[in-house]
Amino acid sequence: MSEKEDTPDYDVIIIGAGLYGIQAARTYLEIHPKANLCILESDDVIGGTWSSKRIYDAFWTQTPVGMAEISDQPMTPPPLEDQYYGFFPAKYVTEYLESYVDSHIYDSVSLRERIKFDVNVQKIEKIDKFWVVFCHDGVEMKTTKLIDATGMTSQPNIPNLPGKESFQGRILHHKEFGELGDLKNIQGHHFAVLGGGKSAADVAYSAAKVGKVVSWIIREEGNGPAALLSCKGKGPYANSNDSFYTRLVASFLPNPFSKDSYLSKFLHGSRLGTWIVRRFWDAVDRAHRKEVDYQREEGKCNRFYNLEPDTPLFWQNDSSGINQRPDFYTTIASKVCVYRQDIERISPHSISLAAGTRAEENTRMLPVDILVLCTGWSPISQLYSRHLAKEMGLPVELDKTEERETSDDEQSLVEKQVLNDFQTLRFPPKYRRIGPSHTPCRLYRLMVPVIDTPAHSIVFLGKMVVGNNFRAAEIQALWAVAYLDGKLQVDSLQARQEIDETLVWCRKRYLNKGHLGSWLFFDTVDYSDWLLSQLGLKSHRQGGFLRHFLGPCRAVGLRNLIEEYKALRRS
């Protein structure tokens with residue numbers, strides 16, 4: 001091999017210029033300012049979910065002022081008229097990230113200047129000691145350290161809809177919805193929205209507010225509609241996120257990230273603690289349903305009652321989000337027809353619905369000009385061969401003929417231990433069981449392939465579902481740099497055991513959503529603290545015990561982490 005062939009093109013290559021990719025670049029360069037680092041972005045703009053192409057008027061943050069930012073650059077709060085209990089339009093995050101990549105300069109080169117736009121990565125392979133990135137234009141790039149920051153919102157999940165090829169209107173995924181622009185100027189009066197999550201709610205609301213006729217379709221065979229929780233705070237907390245993202249509330253969430261604490265052992269491992277946790281979440285669930293009033297009179301003709309979640313909030317099986325608009329529920333109840341039926345077939349100008357199991361669900365034909373698919377995202381990466389992806393622990397299409405990762409006996413032992421540690425999980429609600437279509441995520445700490453632990457050469461960022469991606473991105477990035485620097489030694493046997501426990505816990509905790517293996521929607525605080533504990537960092541602890549336990553986990557609390565990490569490295 002020649003000297004040129006044995007030399008990497010870059011010290012580090014990052015795939016994706018969204019929130020996780022930007023944070024990965026900033027963190028790596030804070031610690032290695034002279035590094036030859038590049039970011040490959042398939043679009044011509046930065047931001048990923050928050051890019052200028054994907055935002056629209058009704059797309060608001062689910063993370064409020066003080067949390068929707070990175071610790072080293074506070075966001076200028078949006079005008080008060082553009083805030084509702086601290087939540088605000090996504091366009092301000094877009095502006096913030098655009099400013100962020102320009103203001104962060106290392107060795108005279110800004111983050112923006114390190115981004116290669118319009119680069120479609122075709123495949124990635126491990127060849128000898130290098131990760132080789134093959135691009136659409138025939139260019140190949142080699143590196144010894146690869147950060148995959150494509151996250152969970154890159155690959156749209158497109159359902160199979162019989163007859164869609166005959167449809168003469170427009171079908172688009174939520175990822176493209178922002179590119180429609182002002183809906184008032186869109187030809188077509190009848191909108192159909194398919195999906196039960198927060199994105200479907202935003203799209204239905206957007207179309208209804210400009211006078212479109214909106215049909216919101218939530219599959220009967222799916223997980224059901226999401227609960228959109230109040231954004232109002234109580235007591236000393238300015239909003240619901242301020243109260244939720246505290247270590248007090250985190251203690252009422254059973255997860256393996258904090259299971260060794262005395263409080264967790266009491267609340268989740270004892271009969272009295274389990275009773276307290278169940279009463280707490282029952283009260284939260286009742287308060288939500290009472291506030292929304294799914295059976296309200298004004299919504300009966302539009303079947304507003306179809307938006308009531310199928311399972312209690314605690315289980316997150318229907319997903320959840322934040323309602324950031326005071327008129328959301330009244331708008332939906334009075335202007336949007338909600339159907340709990342499956343799509344039977346698409347015709348040139350209409351959608352045929354299958355008959356529902358309930359007598360009132362007998363609508364069969366809906367006129368449609370535009371169909372928006374708010375059907376989520378595929379966790380299966382297109383960048384790696386199936387063999388390599390499976391070997392690394394990434395989700396791949398399920399092949400039931402393949403050998404299972406763990407035996408039935410091993411699975412039973414792990415399940416027994418999980419249910420002993422988290423006794424609330426012994427009592428799941430009735431729910432429609434949906435088998436997985438893919439294998440679960442089997443990454444160590446949801447970032448690292450176990451097979452890579454001797455080499456410390458690759459990490460995956462944002463491959464999980466959490467409630468606060470700003471916090472997760474900042475902390476995952478620092479953990480990832482420590483791993484790539486060889487500062488975190490990983491025992492492969494212990495790592496596999498930890499992964500097995502996390503997978504069983506996730507399936508028990510989040511029901512159908514848990515098949516992903518990385519669904520941590522309610523667990524951002526404990527997961528973040530878990531990673532920081534492994535790094536030996538403490539500066540995020542907020543003052544005295546009460547402030548640390550009761551205070552909201554805002555971005556400012558992470559401000560000194562990188563300097564603390566540098567000091568530990570030097571010592």
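**Starting from strand 11**

Let's begin in the middle of things: strand 11 and strand 19 (residues 370-373) run parallel, and four bridges join them. To find one of those spots, look for Ala 192, whose bridge partner in strand 19 is Leu 371. Keep in mind as you look around that this is a predicted model.

Strand 11 itself covers residues 190-194, and four of its five residues are buried, so you'll find it mostly covered. Buried here means under 20% relative accessible area. Strand 19 isn't the end of the story for strand 11, though. Strand 11 also pairs with strand 12 (residues 213-217), again in the parallel sense, over five bridges. Here you can use Leu 194 as your landmark: its bridge partner in strand 12 is Ile 217.

How does the chain get from strand 11 to strand 12? It goes through helix 4, residues 198-209, and the resulting β-α-β crossover is right-handed. Try following that path in the structure, from strand 11 into helix 4 and on to strand 12.

Now move along to another piece of the fold. Strands 16, 17 and 18 make up an open sheet of three strands, in the order 16-17-18, with antiparallel pairing. Which strands sit at the edges? Those are strand 16 (343-346) and strand 18 (365-367), each of which pairs on one side only. From one strand to the next, the twist averages 25 degrees.

Within this sheet, take a look at strand 17, residues 350-353, which pairs with strand 18 in the antiparallel sense over three bridges. A handy place to check this is Ile 351, which stands opposite Leu 366 in strand 18. While you're looking at strands, one general point helps: in a regular strand the side chains alternate between the two faces of the sheet.

Time to step back and take in the whole chain. There are 16 helices and 20 strands in its secondary structure. Along the principal axes, the C-alpha trace spans about 70 × 60 × 55 Å. Is the overall size what you'd expect for a compact globule, or not? For 571 residues, such a globule would have a radius of gyration near 25 Å, and the chain's 24 Å agrees with that.

What about the inside and the outside? Buried residues make up 58% of the 571 in the chain. Of the contacts with a separation of 6 or more, 73% are between residues 24 or more positions apart. As for the surface, the chain exposes about 24,800 Å², with carbon and sulfur atoms supplying 50% of it.

Conventions: Residues are numbered from 1 along each chain as its sequence is written. This is a predicted model: local features need pLDDT of at least 70, side-chain atom pairs count only at pLDDT 80 or more; totals for chains, interfaces and linings use all residues. Side-chain values use heavy atoms; hydrogens and water are left out. Two strands pair if DSSP finds at least two bridges between them. Helices (H or I, at least four residues) and strands (E, at least two) are DSSP runs, numbered from the N terminus. Axes are lines fitted to C-alpha atoms, for helices over the stretch in contact, and angles run from 0 to 180 degrees between N-to-C directions. Buried means under 20% relative accessible area, exposed over 50%, partly exposed in between (1.4 Å probe, protein chains only). A crossover is right-handed if, with the strands pointing away from the viewer, the path from the first strand over the helix to the second runs clockwise. The radius of gyration is taken over C-alpha atoms; the globule rule is 2.2 Å times the number of residues to the power 0.38. Contact means heavy atoms within 4.5 Å. Accessible areas come from the Shrake-Rupley method with a 1.4 Å probe; for residues, only the protein chains shown count as cover.
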